[in-house]
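Q: I should like to learn how to read a structure that is new to me. Please take me through its features in turn.

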Amino acid sequence: MQALTNRVKQVSRKPLSFWERIYLPAILKGMFITFSHIFKKRPTINYPEKTRPFSPVFRGLHILNRDEEGRENCTACGLCAVACPAEAITMEAAERKAGEENLYREEKYAAKYEINMLRCIFCGLCEEACPKDAIYLSETFAPADYQRKQFIYNKNELLIPHPINEPEAFKKAQGGRVKRETV
Ligand code: SF4
Ligand code: SF4
């Protein structure tokens with residue numbers, strides 16, 4: 001039969017030799033490979049007691065950021081939601097009232113802010129899009145759960161601890177992150 005291309009390879013089906021038919025060399029070879037791993041360094045670790053160092057570009061659970069005075073940075077502009085390819089972010093904006101200047105940095109703030117972690121692909125585009133340094137992806141995993149509704153994180157779950165009231169927790173949530181320029 002004429003071949004359509006010159007990449008055709010003829011397969012030869014040779015009869016099995018005696019040693020191939022009894023499988024013994026193949027079994028011994030397999031066992032040798034298995035036993036050789038006993039003396040190698042184990043690649044597994046006892047998580048969560050031990051953890052591996054994260055890559056500097058690791059993107060984990062989102063944090064809604066505050067400024068040094070503890071005011072929420074988010075101005076509910078919606079750019080993160082627009083940038084999100086998974087449509088995981090929803091929010092409701094509200095106007096800051098007189099006397100709330102210590103709570104919200106801008107005149108508008110997010111009264112409601114939710115991220116659906118089941119939709120999120122941890123791409124980091126929300127962080128890139130934010131002009132207020134108000135959201136970033138931390139070095140924390142989203143914890144496992146049994147119910148889907150638990151994966152919709154609301155504003156209270158996403159907000160970073162207050163830097164003045166809870167300085168240790170604030171510092172931990174920030175990790176080694178460098179503050180970004182805002183507009
Ligand atoms: S990390 Fe990506 S997918 Fe997740 S909320 Fe942000 S933009 Fe959306
Ligand atoms: S997190 Fe940033 S981009 Fe998203 S609504 Fe708030 S200020 Fe705008």
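The dialogue below treats overall form, the sheet and a ligand site.

Q: What should be known beforehand?
A: This is a predicted model, in which local features need pLDDT of at least 70, side-chain atom pairs count only at pLDDT 80 or more, and totals for chains, interfaces and linings use all residues. Residues are numbered from 1 along each chain as its sequence is written, while chains are lettered from A and ligands numbered from 1 in the order in which they are written.

Q: How many helices and strands are there in the protein?
A: Helices (H or I, at least four residues) and strands (E, at least two) are DSSP runs, numbered from the N terminus. The protein has six helices and five strands, in the sequence pattern α-α-β-α-β-β-α-β-β-α-α.

Q: What is the radius of gyration of the protein?
A: This quantity is taken over C-alpha atoms, and the globule rule is 2.2 Å times the number of residues to the power 0.38. For the protein it is 27 Å, whereas a compact globule of 183 residues would have a value near 16 Å. Its C-alpha atoms fill a box of roughly 90 × 50 × 35 Å along the principal axes.

Q: Which order do the strands of the open sheet have?
A: Strands of a sheet pair through backbone hydrogen bonds, either parallel or antiparallel. Pairing requires at least two DSSP bridges between two strands. Here three strands form an open sheet in the order β2-β3-β5, with antiparallel pairing. Because β2 (89-95) and β5 (152-153) each have a single partner strand, one side of each is left without a neighbour in the sheet. N116 has I152 in β5 as its bridge partner.

Q: Which residues come nearest to ligand 2?
A: A residue is near a molecule if its C-beta atom, placed from the backbone, lies within 6 Å of it. Of the 14 residues around ligand 2, the nearest are C74, C77, C80, C130 and A134.
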